[in-house]
Amino acid sequence: MPGTPAAQSAAARTPVAPGSPQAPGAPRRRGRPARDDAAHADVRQNLLRTGVAVLTEQGFAAVGIDAILRSAGVPKGSFYYYFDSKEAFGLALIDAYAEYFAAKLDHWFLDESCAPLARLRNFVDDARQGMARYEFRRGCLVGNLGQEMGSLPESFRSRLLEVFADWQRRTAACLRAAQAVGEIAAGIDCGRLAAYFWAGWEGAVLHAKLERGPRALDIFAEGFFACAGAASYAAAPASPPLRKSANRR
């Protein structure tokens with residue numbers, strides 16, 4: 001039985017693989033000791049949530065890992081237990097934000113309780129309210145990283161482009177639905193229109209952060225819906241009250 005002299009003697013004779021944590025003289029792994037998978041996942045998610053919150057307001061290159069660890073309440077020195085490097089952390093942040101934002105887009109764009117262009121308007125209204133909630137200090141993590149690309153690891157570039165391409169595909173599908181019901185002229189290329197939306201929207205978000213106000217968002221939205229062949233956003237009937245609560249961090 002475990003704990004008996006015989007068992008202890010047998011354990012002592014059991015060979016230990018070189019380099020294993022139990023092997024004499026084995027190097028200790030960087031960071032905190034191993035924990036159970038659930039606790040590891042919880043701390044990792046906390047670091048990602050905190051990183052997204054910090055980096056939607058500040059630049060990646062300017063933010064120190066120590067500041068994120070302090071905000072997350074994770075002991076200094078533990079970072080490398082959860083991520084191999086700051087670059088790996090940045091890529092994980094992009095993936096986490098992309099997953100969150102894709103769910104947000106689906107929440108609005110697939111809402112069949114309203115017309116397709118109203119779905120896009122509802123997304124714009126929700127994003128405007130989200131920026132106002134943080135006094136226009138927070139923007140889009142993907143857009144922020146794109147602005148910094150000259151000083152970021154090259155591995156970020158392709159991932160950011162993939163995220164933008166995914167957002168454009170989802171937006172184009174919503175615009176084609178609007179086209180199918182006559183809200184957008186038949187001759188308009190919805191793929192190009194979706195690309196125009198995201199190029200303009202990201203610029204408007206950046207400008208709103210600079211001004212600490214919604215003016216740029218409103219100007220862009222008015223112009224976009226006019227270009228889409230719809231009534232001017234400013235003159236359009238007010239969208240129905242938001243019936244759903246979008247996923248928020």
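In the UniProt record, an unreviewed entry, residues 64-83 are listed as a "DNA-binding region". The structure discussed here is a predicted model, and in it this span is 60% helix and 0% strand. From one end of residues 64-83 to the other, the C-alpha atoms lie 14 Å apart.

Just ahead of helix α3 (65-72) comes a loop that links it to α2 (37-55), and A61 is found in this loop. With a relative accessible area of 46%, A61 is partly exposed. The neighbours of A61 in space include residues from elsewhere in the sequence: leaving aside residues up to four places away, A61 touches K86, E148, S151 and L152. The pairing with S151 is a nice example of what folding can do, as the two residues are 90 apart in sequence while their C-alpha atoms are 7.0 Å apart in space.

Helix α6 offers a friendly piece of arithmetic. It covers residues 116-133, and at 1.5 Å a residue its 18 residues should span 26 Å. The end C-alpha atoms are indeed 26 Å apart, in agreement with that expectation. How many of the 18 residues of α6 are buried? The count is 13, so the helix is largely enclosed by the rest of the structure.

One partner of α6 is α10 (215-227). The axes of α6 and α10 are 11 Å apart and make an angle of about 170 degrees. Angles over 145 degrees count as roughly antiparallel, and α6 and α10 therefore run roughly antiparallel to each other. On the α6 side, the residues that meet α10 are L117, L120, R121, V124, R128 and M131. Their counterparts in α10 are L217, D218, A221, F224 and F225. Sorted by class, this contact has eight nonpolar residues, three charged ones and no polar ones. A general point helps in reading such lists: an α-helix has 3.6 residues a turn, so residues three or four places apart point the same way.

Two loop residues deserve a look for their backbone angles. Just after α6, E135 takes a positive phi of about 55 degrees, although E135 is not a glycine. E135 sits in the loop between α6 and α7 (141-147). Is E135 buried or exposed? Its relative accessible area is 52%, and because the cut-off for exposed is over 50%, E135 counts as exposed. R212, also not a glycine, has a positive phi near 55 degrees. R212 is located in the loop between α9 (190-211) and α10, and at 46% relative accessibility it counts as partly exposed.

Definitions and conventions:
Residues numbered from 1 in each chain as written. Predicted model: local features only at pLDDT ≥ 70, side-chain atom pairs only at ≥ 80, totals over all residues. Heavy atoms only, no water. Helix = DSSP H or I, 4+ residues; strand = E, 2+ residues; numbered from the N terminus. Expected span 1.5 Å × (residues − 1). Buried < 20%, exposed > 50% of the residue type's maximum accessible area, 1.4 Å probe, protein only. UniProt positions renumbered as here; feature names shortened; annotations may be inferred. Axes fitted to C-alpha atoms, helices over the stretch in contact; angles between N-to-C directions. Parallel < 35°, antiparallel > 145°, perpendicular 65-115°, else oblique. Contact = heavy atoms within 4.5 Å. Nonpolar A, V, L, I, M, F, W, Y, C, P; charged D, E, K, R; others polar.
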